[in-house]
Amino acid sequence: MPNAKIVVAGTGGTIAGRSSVVGDNVGYRAGEVPIAELMEGLAARVTALGGIQMELVQVAQVDSKDMGPAVWGPMLRNLQRWLDAPEVKAVVVTHGTDTLEETAYLLARVLQPQKKPVVLTCAMRPASALVPDGPQNLLDALSVALDERTAGVQVVAAGWVHAARHISKIHTYRLDAFSSGDAGPIGCVEEGHLRWFGKASVDAGPAGAGHALGRIDFAAFSEASWPRVEVITSHSGATGDAVDAMLLQANGPRPLRGLVVAGTGNGTLHHELEAALLRAQAAGVVVWRTTRCAFGQVVGCADVPATGPDAASTDFMPSAAGSSASLPASALPPVKARIELMLHLMARDSMTR
Ligand code: SIN
């Protein structure tokens, strides 16, 4: 296509991190180096880029521990605009590793079905490291974005291509810090060449056709009006005190709308916590159960609870799994179940606006 373009959007993270001490891989500040600086010299290295223009956009400059609606809102609106533009072939997004899986999951759910590639990438070492990993990850992400077989939201890190549905950060320090658990990565990048492992590349999200989000008007949700959904964990000696305290804020400026509980093992809950969660559910808070285990999922539950207009009357796909059958279970890990629950509530809110 004439004037074909690839957009590279920077949001911060360690890939854009800088330390005053060259080579210091720990005491740096994330989100300092502009995307234009990160991309300097790299475009010339991607042979597949011949004739394709690059647009570099600084969407945000944050440590991704602070990622949330303040960045997601504008990011979603920008992405939709870029992807709608016929000349844009693909979008690459740089992001911190700490919450990368959450943003990837959100984008996969909201943008699907998405044929044009949206490829997220990151780094474990700052740009000022003696041997940074960011430039290679960015090159790999560009290669994946430009490959004709790529579609939908993907994450590229340490030579692997991961689906947004399955990727989790599992290591604090290693360069290869991500895992796709039992599912495994969907491909790898070998010296600029993408090798798919034969899994579907489209739609890194969990969705089947039955999990449509409906129409969420993100412009209608200011940063403060994204529904408040908290994650709590069941553990030895757990109580219901934190849940009860949150319920007391029902008339405050940010009332609790949803709770995701990371249960033990197969989604089981300490009985005191479970009693408090049932009180929360009775008070109108949507409560979903999942597991705190790094691998596996609550056995027998639907891939994701139903979301959107089709779910208006039931709120969820109930599960018979685990001990707390009256609290629905999600197959997602806690932080992704939280995103899914926020989307579920937003889809519901959009219908009543
Ligand atoms: C961040 O998530 O922004 C900091 C950590 C990292 O990118 O590795």
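# Burial, ligand shell and salt bridges

User: Is Arg 109 buried, partly exposed or exposed in this structure?

Analyst: In this predicted model, Arg 109 has a relative accessible area of 1%. The limit for calling a residue buried is under 20%, and because the value for Arg 109 falls within that limit, the residue is classed as buried.

User: Which residue does the side chain of Arg 109 join in a polar contact of 2.8 Å?

Analyst: Arg 109 has its place in helix α3, which covers residues 100-111. From there its side chain takes part in a polar contact of 2.8 Å, and the side chain on the other side of that contact belongs to Glu 340.

User: What is the relative accessible area of Val 92?

Analyst: Val 92 is found in strand β3, made up of residues 88-94. Leaving aside neighbours within four places in sequence, Val 92 is in contact with a list of residues that includes Ile 6, Val 8, Val 119, Leu 138 and Ala 145. The residue is classed as buried, and its relative accessible area is 0%.

User: How far apart are the C-alpha atoms of Val 92 and Leu 142?

Analyst: Along the chain, these two residues stand 50 residues apart. Leu 142 is nevertheless among the residues in contact with Val 92, and the separation between the two C-alpha atoms is 6.9 Å.

User: How much of the accessible area that the ligand has on its own does the protein cover?

Analyst: The residues around the ligand are Gly 13, Thr 14, Asp 63, Ser 64, Gly 96, Thr 97, Asp 98 and Ala 123, and by class this shell has one nonpolar, five polar and two charged residues. Oxygen atoms of the ligand lie 3.0 Å from a backbone N or O atom of Thr 14, 2.5 Å from a polar side-chain atom of Ser 64, and 2.4 Å from a side-chain N or O atom of Thr 97. On its own the ligand has 250 Å² of accessible area, and the part covered by the protein is 95%.

User: Which residue forms a salt bridge with Glu 55, and where does that partner lie?

Analyst: Side chains of opposite charge can pair when their charged atoms come close. Glu 55 forms its salt bridge with Lys 5, with 2.5 Å between the closest N and O atoms. Glu 55 lies in strand β2 (residues 53-62), so the pair ties together parts that are 50 residues apart in sequence, the partner being in strand β1 (residues 5-12). Glu 55 counts as partly exposed at 26% relative accessibility, whereas the residue that is buried at 16% is the partner asked for, Lys 5 of strand β1.

User: Which helix holds the residue that forms a salt bridge with Asp 244?

Analyst: Asp 244 forms a salt bridge with Arg 279, the closest N and O atoms being 2.9 Å apart. Asp 244 belongs to helix α5 (residues 241-247), so the pair ties together parts 35 residues apart in sequence, with Arg 279 in helix α6 (residues 271-282). Both partners count as partly exposed, Asp 244 at 27% and Arg 279 at 42%. The helix that holds Arg 279 is therefore α6.

User: What is the relative accessibility of Arg 195, whose side chain meets that of Glu 190 in a salt bridge?

Analyst: The two side chains meet with 2.9 Å from N to O, and their salt bridge belongs to a total count of 12. Glu 190 counts as partly exposed at 37% relative accessibility, and Arg 195 also counts as partly exposed, with a value of 41%.

How values were computed. Residues are numbered from 1 along each chain as its sequence is written. This is a predicted model: local features need pLDDT of at least 70, side-chain atom pairs count only at pLDDT 80 or more; totals for chains, interfaces and linings use all residues. Side-chain values use heavy atoms; hydrogens and water are left out. Helices (H or I, at least four residues) and strands (E, at least two) are DSSP runs, numbered from the N terminus. Buried means under 20% relative accessible area, exposed over 50%, partly exposed in between (1.4 Å probe, protein chains only). Contact means heavy atoms within 4.5 Å. A residue is near a molecule or strand if one of its heavy atoms lies within 4 Å of it. A polar contact is a pair of N or O atoms within 3.5 Å; within protein, one must be able to donate a hydrogen and the other to accept it, and residues adjacent in sequence count only if both atoms are side-chain atoms. Accessible areas come from the Shrake-Rupley method with a 1.4 Å probe; for residues, only the protein chains shown count as cover. Ala, Val, Leu, Ile, Met, Phe, Trp, Tyr, Cys and Pro count as nonpolar, Asp, Glu, Lys and Arg as charged, and the others, Gly among them, as polar. A salt bridge is a side-chain nitrogen of Lys or Arg within 4 Å of a carboxyl oxygen of Asp or Glu.
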